[in-house]
Each structure stands twice: as C-alpha cells, then as structure tokens.
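Here is a short tour of the spaces in this structure and what lines them. Have the viewer open and follow along from the ligand outwards.

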Amino acid sequence: MSSTVQAVRGMNDILPTDSPVWQFLEDTVRRIAQSYGYSEIRLPVVEKTELFKRSIGEVTDIVEKEMYTFDDRNGDSLTLRPEGTAGCVRACIEHGLLHNQIQRLWYAGPMFRHERPQKGRYRQFHQIGVEAFGLEGPDIDAEMIFMTASLWRALGIGNMQLQINSLGTIESRDEYREDLVAYLRTCESGLDMDSRRRLDSNPLRILDSKNPDMQSIIQAAPQLREYLDESSREHFGGLCELLDSAGTDYVINPGLVRGLDYYGKTVFEWVTSELGAQGTVCAGGRYDGLVSYLGGRTTPAVGFAVGLERLIAMIEVAGTDYPSGGPHVYLVMNGEKANRSGLVLAEEVRRAVPGLRLMSNCGGGSFKSQFRRADRSGAHLALIMGDDELDRGEIGIKWLRGEGGQETIPQNQLGVRLRELLSELIGLHR
Ligand code: ATP
Ligand code: MG
C-alpha cells in the first residue's frame with residue numbers, strides 16, 4: 001500500500017462534527033452585519049504580491065516572513081492573502097466604489113500566514129473583516145465597536161476586554177517617533193534583534209513587542225498620548241463619550257500601536273485571558289491614509305478583523321447552545337417495496353414541510369441496524385414504514401430519545417403532522 005498524503009502543517013480540515021459551530025458563527029456574523037446595514041463583498045484569495053507589500057508595509061512580520069508568495073506560470077509574483085483589508089481597498093478603488101459614496105462592507109474567508117502553528121495560531125485561518133469608507137467622525141468608530149460587542153453577545157461569549165488608543169495624525173506621530181527613537185537609542189544595548197532592526201525602519205512597532213525582556217524599556221518609553229494633536233484628541237474624546245453613553249466598558253492601552261503611516265487616530269482590540277498566549281480575538285482601527293496610498297482618492301476608512309478560530313474557542317469555553325445541524329427525522333423502511341414508497345413519500349414530505357430535515361435510510365439493513373443508524377444520526381423522531389404500514393397506507397412515528405411515545409397515522413397526513421411537530425423538533429436540536 002502506498003503512503004497517504006497529509007494536509008499541510010497548520011492548515012486544518014473542518015470536519016462534519018465541527019461544522020455546526022462554524023455555521024452558527026457564520027449565520028450570526030451575517031445577521032449582525034445586516035442588522036447594521038453592512039453589505040458583503042467577496043474577494044479573491046490570491047492578489048499580486050505588490051499589493052500586500054505596499055499596504056501592509058515591507059517592515060512587518062507579515063511581509064518579512066509570513067507570506068505565501070509564489071510565481072505563477074506567467075512569472076507574476078502572487079501571494080495568498082494574509083489579511084483582507086488590502087484586497088478590499090483594491091477592489092473598491094478598482095470598481096469606483098469610493099467616489100462620493102459611503103461604503104459599509106464585510107467579508108469572511110481564509111487567510112494564509114507562514115507562522116509557527118500552535119493553539120490559536122495556524123497557517124490557514126479564517127477572519128471576518130468589516131470596513132467602512134467615507135466617514136471620518138468617531139461615530140462610525142463607535143458603531144464598529146458596538147457591532148463587535150453585539151457579536152460577542154449573540155455568540156454568548158464573555159470575558160472580553162476592549163482596549164482602545166489613539167495614534168494621532170501622521171504629523172503628531174512624526175514628532176513622537178523622533179523622541180521615541182532618541183529614547184530607545186539611550187537603551188540600545190537592552191533591545192532585542194528585532195527591535196534594533198526596527199529602530200530605523202519602524203520604531204513604533206517596537207512598542208508592540210511580545211518579548212518579556214523588552215517590557216521594562218517599553219514601559220518607560222515616552223507616550224504617544226502626550227503628543228496628540230487637537231483634532232485627534234477631539235476624535236478620541238468623541239469616541240470615549242459614545243462608548244460611555246452606550247455603557248461599553250473599555251481601557252485605554254497606550255501600547256496599542258500600528259507602525260504604518262496610513263493608520264491614525266482610533267485603534268482598538270478585544271482581548272481575552274481565556275485563550276492563553278493567543279489572546280487577541282479582534283483588532284481594528286482607522287486607516288485614513290491607505291486608500292490614497294494605494295492610488296485612490298483620499299478617503300477616510302476604519303475597519304476591524306476577527307480571528308474565527310479564536311472566536312470558536314471562545315464559544316466552546318462559554319458552552320453556548322447552537323443548532324446541531326443533523327436531521328430531525330430518520331425514515332426507516334422494511335423491504336424493497338417499502339423502500340420504494342418510502343423514498344417517494346420522503347420527497348413529498350420535504351416539499352410539504354419547509355425547514356424539516358429528513359434523512360432516509362439508504363442501503364437497506366435490518367430494522368435493528370436501521371434504528372441504530374437513526375440513533376447515530378441525532379434525529380429525535382423515526383418514521384417507520386414496514387410491511388403492515390405499507391399495506392394499510394399508514395406510517396409509524398416513534399420518538400427516539402427521552403420523549404417516548406409512538407403513533408400510527410395515514411401516510412397522506414404525514415406532512416400535516418410533521419408541520420405540527422416541527423417547532424418542537426427544532427427546539428430539541430438546539
Ligand atoms: P498576533 O499578534 O496574534 O499575531 P496580528 O496582529 O498578526 O495578531 P491581525 O493581523 O491584526 O493579527 O489579525 C486580526 C486577528 O486575526 C487577530 O487578532 C487574530 O484573532 C487573528 N489571527 C491573526 N493571525 C492568526 C493566525 N496565524 N492564526 C489564527 N488567527 C490569527
Ligand atoms: Mg501576527
């Protein structure tokens with residue numbers, strides 16, 4: 001026998017037993033996004049490498065070491081998308097969606113980063129992204145945060161902390177950067193390799209270092225907050241007020257930064273202590289400079305991304321109830337004749353009872369083995385078509401689990417009876 005081929009490390013199958021929680025999550029995301037008036041945009045998984053180099057920045061973990069980049073057969077350098085904002089902005093510019101228009105968009109799908117796989121960190125993972133273009137005030141920033149909070153509520157998850165910060169404008173950040181670099185030079189011997197490299201190219205990212213040895217240097221660094229210009233202060237104040245009036249708790253984390261010039265003003269993250277080292281579930285902020293940076297007209301923009309594997313882990317921690325996805329009803333049939341009529345009847349019933357999930361037994365088998373399959377399917381109800389039922393034009397209905405009880409009814413009343421039972425069955429499947 002030849003050896004089997006396995007999946008790529010860090011790229012996971014989502015098996016049938018896992019899909020109900022994914023479907024619950026996806027359905028909830030769609031419902032919440034729609035409830036705020038956001039439209040879905042679907043984007044390619046592959047983009048030109050240049051797009052990510054320009055938008056994410058050359059001196060970032062993603063572009064320096066995490067991208068899946070390859071030459072296609074024409075010799076063009078392409079990259080599996082490591083995140084969604086770049087492609088979304090590219091598409092909006094390309095299709096003229098940003099001219100004198102407000103766009104509120106969301107998307108979901110797989111992202112690819114060559115990182116060391118561990119719990120909560122994979123090479124293919126999934127994000128939902130939400131972006132709004134054409135709005136510059138703090139109201140839309142607050143709306144985005146409210147949307148994330150609604151999502152956590154709808155998913156039944158708790159123990160999430162909202163952290164916010166303001167990055168100011170490019171000008172205020174330039175001034176800050178100078179002072180930061182001057183300070184960091186005074187403690188250069190204490191900097192790790194990554195930070196020394198970033199001292200010239202992207203010093204703000206040093207504040208984001210996870211290296212424990214770097215933390216005391218970071219703590220004593222000058223704080224961006226002291227450098228904010230008037231308009232950024234006002235914007236941030238406006239956001240805090242909106243969060244306060246909605247009763248949304250937050251903490252201001254001065255260490256929350258993005259190193260690139262087109263980010264400014266609001267940044268936020270939702271973090272949790274439930275997931276160990278991989279505690280950031282959602283990251284977002286304002287990127288008013290990116291659209292023009294990628295060749296469009298200057299357009300204010302704000303967005304966030306949620307890591308779905310981490311969100312699923314949170315749903316599991318919370319023990320949220322979600323629909324199981326399996327059939328409500330399993331049809332058991334005895335003998336060839338019953339099999340034929342049974343399959344036809346099943347078709348009629350599915351048409352007559354929208355929302356009903358009916359699995360027919362295929363492949364024959366004794367009553368005993370068919371009931372075993374019925375049980376394993378997760379169905380709460382068996383429909384029984386044996387010789388006797390067939391002759392009399394009837395069908396048996398038997399509760400399979402704790403509920404007990406059995407009845408026999410004319411086949412032509414099955415649709416009506418199942419419609420009566422449907423809401424009970426749906427309830428049992430939560
Ligand atoms: P981290 O600091 O954990 O590497 P990041 O800053 O690289 O995160 P973003 O690019 O902001 O992450 O992506 C947004 C979210 O996507 C993260 O908060 C996280 O929930 C999720 N995410 C990022 N990388 C991965 C990954 N390799 N596997 C699973 N989820 C991920
Ligand atoms: Mg990362």
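## Polar contacts of ligand 1

In this predicted model, an oxygen atom of ligand 1 lies 3.3 Å from an N or O atom in the side chain of Arg310. Arg121 also takes part through its side chain, where an N or O atom is 2.9 Å from an oxygen atom of the ligand. With Gly307 it is the backbone that is involved: one of its polar atoms sits 3.4 Å from an oxygen atom of ligand 1.

How much of ligand 1 does the protein cover? On its own, the ligand has 590 Å² of accessible area, and the protein covers 82% of that.

## The shell around the ligand

Two elements give two or more residues each to the shell around ligand 1: strand E6 and strand E10, which runs over 280–286. E10 provides the largest share, with four residues.

The shell holds 14 residues, and those that come nearest are Arg113, Glu115, Arg121, Tyr122 and Thr280. Sorted by class, there are five nonpolar, four polar and five charged residues around the ligand. If you are looking for a place to begin, Arg121 is a handy one: this residue is listed among the nearest and has the side-chain contact at 2.9 Å.

## The second largest pocket

Now turn to the second largest pocket, which offers about 330 Å³ of space. Helix H1 (19–35), strand E6 (124–133) and helix H11 (308–318) are the elements that give two or more residues to its lining. Which of the elements gives the most to this lining? That is H11, with five residues.

Altogether 18 residues line this pocket, and Asn12, Trp22, Tyr122, Glu309 and Ile312 lie nearest its centre. Tyr122 is a name you have met already, as one of the residues that come nearest to ligand 1. The lining is a mix of classes, with seven nonpolar, five polar and six charged residues.

## Two enclosed cavities

How many cavities of 30 Å³ or more are there? The count comes to two. The largest cavity has a volume of about 80 Å³, and H1, E6 and helix H5 (138–155) each supply at least two residues of its lining. Its lining is made up of Val29, Ile32, Ala33, Trp106, Ile128, Val130, Met147, Thr148, Leu151 and Phe304. By class, that comes to nine nonpolar residues, one polar and no charged.

The second largest cavity has a volume of about 40 Å³. Around it you will find Leu43, Pro44, Glu47, Phe52, Arg81, Glu83, Gly84 and Gly87. Charged residues do appear here: the lining divides into three nonpolar, two polar and three charged.

## The overall frame

Stepping back to the whole protein, there are 15 helices and 16 strands. Why is the protein described as more spread out than a compact globule? Its radius of gyration is 28 Å, whereas the globule rule gives 22 Å for 430 residues, so the value is well over what that rule gives.

For setting up a view, it may help to know the extent along the principal axes: the C-alpha atoms fill a box of roughly 90 × 60 × 45 Å.

Methods:
Residues numbered from 1 in each chain as written. Chains lettered and ligands numbered in written order. Predicted model: local features only at pLDDT ≥ 70, side-chain atom pairs only at ≥ 80, totals over all residues. Heavy atoms only, no water. 1 Å grid on protein atoms, 1.4 Å probe; cavity = no way out; pocket = protein on both sides within 12 Å on 5 of 7 lines; lining within 4 Å. Points joined across faces, edges and corners; volume = space filled by probe spheres on them. Nonpolar A, V, L, I, M, F, W, Y, C, P; charged D, E, K, R; others polar. Near = heavy atom within 4 Å. Polar contact = N/O pair within 3.5 Å; in protein donor to acceptor, adjacent residues only side chain to side chain. Areas by Shrake-Rupley, 256 points an atom, 1.4 Å probe, with all protein chains shown as cover. Rg over C-alpha atoms; globule rule 2.2 N^0.38 Å.
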